[in-house]
Amino acid sequence: MSARILHNPRCSTSRKTLDLLRDNGIDPEIVLYLKNPPSRSELATMIAEAGIGVRAAVRTREPLYAELGLASASDDELLDALAEHPILIERPFVVTPKGTRLARPIDNVREIL
């Protein structure tokens, strides 16, 4: 099975999700999204396919979230912020032929394996 993970090697949840994929015999395409961020349209598609709201895809505890005053931002404004500042993207997103999931909690990914 093919898979793609938006990965941050410094994140324990991201590392554990990568391990889960490999433990299930999947050698995913690893996208280091801080270096190679997805486009705004790719983000919107992943969020929609994951069945979550835009705000659920935002790292609200990231200091930049408060600095940019995003607490009352619209979905469009949040997508703009995610595209411009990939550090704000909640991680990791996993995409397989069976769907897209945000691995929070990690068990969400099992649904698409």
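## Exercises on a predicted protein chain

The protein chain exposes about 6000 Å² of surface, and carbon and sulfur atoms supply 46% of that area. Keep in mind that this is a predicted model. Have the structure open beside you and work through the tasks in order.

**Exercise 1. List the secondary-structure elements of the protein chain in order, then judge its compactness from the radius of gyration.**

Step 1. Begin with the inventory: the protein chain has four helices and four strands.

Step 2. Read these elements from the N terminus on, and you obtain β-α-β-α-α-α-β-β.

Step 3. Now compare sizes. The radius of gyration is 13 Å, close to the 13 Å that the globule rule gives for 113 residues, so the protein chain is as compact as a globular protein of that length.

Step 4. For the extents, take the C-alpha trace along its principal axes: the span is about 40 × 25 × 25 Å.

**Exercise 2. Work out how strand β1 pairs with β2 and with β3.**

Step 1. Take β2 as the partner. Residues 4-7 form β1 and residues 29-32 form β2; the two strands pair in the parallel sense over four bridges. To find one of these on screen, select Leu6, whose bridge partner in β2 is Val31.

Step 2. Trace the connection. Together with helix α1 (residues 12-23), β1 and β2 make a β-α-β unit, and this unit is right-handed.

Step 3. Turn to β3. Here the pairing with β1 is antiparallel, over two bridges, and Arg4 stands opposite Val95.

**Exercise 3. Find the residues that touch the most other members of the largest nonpolar core, and follow the contacts of Ile47.**

Step 1. Set the scene with burial: 43% of the 113 residues in the protein chain count as buried, meaning under 20% relative accessible area.

Step 2. Look inside the largest nonpolar core, which holds 23 residues. Those touching the most other members are Ile47, Leu70, Leu82, Leu88 and Phe93.

Step 3. Ask which elements give two or more residues to this core: they are α2 (40-50), α3 (63-67), α4 (75-84) and β3 (93-96).

Step 4. Select Ile47 and set aside its neighbours within four places in sequence. The contacts that remain are with Ile52, Gly53, Val54, Ala57, Leu79, Leu82 and Phe93.

Step 5. Do not stop at one core. A second, separate core has ten residues, among them Ala3, Ile5, Leu20 and Leu21.

**Exercise 4. State what share of the contacts between residues at least 6 apart in sequence joins residues at least 24 apart.**

Step 1. Keep the contacts in the protein chain between residues at least 6 apart in sequence.

Step 2. Within that set, pick those joining residues at least 24 apart: they make up 62%.

Technical notes. Residues numbered from 1 in each chain as written. Predicted model: local features only at pLDDT ≥ 70, side-chain atom pairs only at ≥ 80, totals over all residues. Heavy atoms only, no water. Core = buried A, V, L, I, M, F, W, Y, C linked by side-chain atoms within 4.5 Å. Buried < 20%, exposed > 50% of the residue type's maximum accessible area, 1.4 Å probe, protein only. Contact = heavy atoms within 4.5 Å. Pairing = 2+ DSSP bridges. Right-handed = clockwise from strand over helix to strand, strands pointing away. Rg over C-alpha atoms; globule rule 2.2 N^0.38 Å. Areas by Shrake-Rupley, 256 points an atom, 1.4 Å probe, with all protein chains shown as cover.
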